[in-house]
Amino acid sequence: MDTNDAAARLEALGNPTRLSLFRALVKAGHGGLSVGECQQRLAIAQSTLSFHLKALIHAGLVTQERQSRTLICRANFDLMNALVGFLVDECCVDERCRTAASDAA
């Protein structure tokens with residue numbers, strides 16, 4: 001993942017409603033939630049939910065699958081883990097350099 005991809009995905013999560021929706025889907029696990037269940041849990045209008053779902057789907061963070069007449073929404077766990085990995089991959093790297101330099105002195 002590059003910086004532009006990460007920024008676009010973080011931007012999608014930067015809205016409180018979208019973040020709440022994504023967290024609800026993460027809590028639901030791999031089984032996901034129907035659009036109706038998402039609407040109930042967030043207590044928002046269908047049009048508002050559709051707007052926010054579209055942004056998360058466009059960012060790749062959420063997928064939808066039709067099961068008969070029901071749309072099931074799921075968090076994209078692989079992409080979520082890649083995004084978290086991007087954020088922490090170089091955690092404290094510079095600190096280790098300073099520690100190694102002071103150990104050498």
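A nonpolar core is a set of buried Ala, Val, Leu, Ile, Met, Phe, Trp, Tyr and Cys residues joined through side-chain atoms within 4.5 Å. The model on screen is predicted, and the tour begins inside it.

**Stop 1: the core**

Select Phe 22, Leu 25, Leu 56 and Leu 61. In the largest nonpolar core, which has 23 residues, these four touch the most other members. Two or more residues of this core come from each of helix H1 (3-13), H2, helix H3 (35-42), helix H4 (46-58), strand E3 (70-75) and H5. Colouring those elements separately shows what meets there.

Now keep Phe 22 alone and display its surroundings. Leaving aside neighbours within four places in sequence, Phe 22 is in contact with Leu 13, Leu 56, Leu 61, Val 62, Ala 75 and Met 80. Leu 56 and Leu 61 are thus on the contact list of Phe 22 and also among the residues that touch the most other core members.

**Stop 2: Arg 9**

Move to Arg 9 in helix H1. Is this arginine buried or exposed? Arg 9 counts as buried because its relative accessibility is 17%, and the cut-off for buried is under 20%. Not counting residues up to four places away in sequence, Arg 9 touches Met 1, Ala 59, Leu 61, Leu 79 and Leu 83. Leu 61, from the first stop, is one of these contacts.

Next, draw a distance between the C-alpha atoms of Arg 9 and Met 80. The two residues are 71 residues apart along the chain, and these atoms are separated by 9.2 Å.

**Stop 3: Arg 18**

Select Arg 18 in helix H2 (residues 16-28). Which side chain of opposite charge is nearest to Arg 18? It is Glu 11, at 6.7 Å; Arg 18 is buried yet has no salt bridge. A salt bridge requires a side-chain nitrogen of Lys or Arg within 4 Å of a carboxyl oxygen of Asp or Glu, so the 6.7 Å separation between Arg 18 and Glu 11 does not qualify.

Show the contacts of Arg 18 beyond four places in sequence: they are Glu 11, Ala 12, Phe 51, His 52, Ala 55 and Leu 56.

**Stop 4: the salt bridge**

How many salt bridges does a search of the whole structure find? The search finds 1. Select Glu 65 and Arg 74 to see this pair, whose closest N and O atoms are 2.6 Å apart. Glu 65 is partly exposed at 35% relative accessibility, whereas Arg 74 is buried at 18%.

**Stop 5: two positive phi angles**

Go to Ser 68, in the loop between strand E2 (62-67) and E3. Ser 68 is not a glycine, but its phi is positive, near 60 degrees. At 68% relative accessibility, Ser 68 counts as exposed.

Then select Cys 92, in the loop between H5 and helix H6 (93-104). Cys 92 also has a positive phi without being a glycine, here about 65 degrees. Its relative accessible area is 39%, and Cys 92 is partly exposed.

**Stop 6: a nonpolar patch on the surface**

Finish outside. Switch on the surface and select Met 1, Leu 10, Val 84, Phe 86, Leu 87 and Val 88, which form a nonpolar patch with about 500 Å² of accessible area together. Helix H5 (residues 77-88) supplies the largest share, 4 residues. Val 84 lies in this helix and is partly exposed, with a relative accessible area of 43%. Met 1, another patch member, is also a contact of Arg 9 from the second stop.

How values were computed. Residues numbered from 1 in each chain as written. Predicted model: local features only at pLDDT ≥ 70, side-chain atom pairs only at ≥ 80, totals over all residues. Heavy atoms only, no water. Patch = residues over 30% accessible without salt bridge, like charges linked within 9 Å, V, L, I, M, F, W, Y side chains within 5 Å. Areas by Shrake-Rupley, 256 points an atom, 1.4 Å probe, with all protein chains shown as cover. Buried < 20%, exposed > 50% of the residue type's maximum accessible area, 1.4 Å probe, protein only. Lys, Arg positive; Asp, Glu negative; His and termini not counted. Contact = heavy atoms within 4.5 Å.
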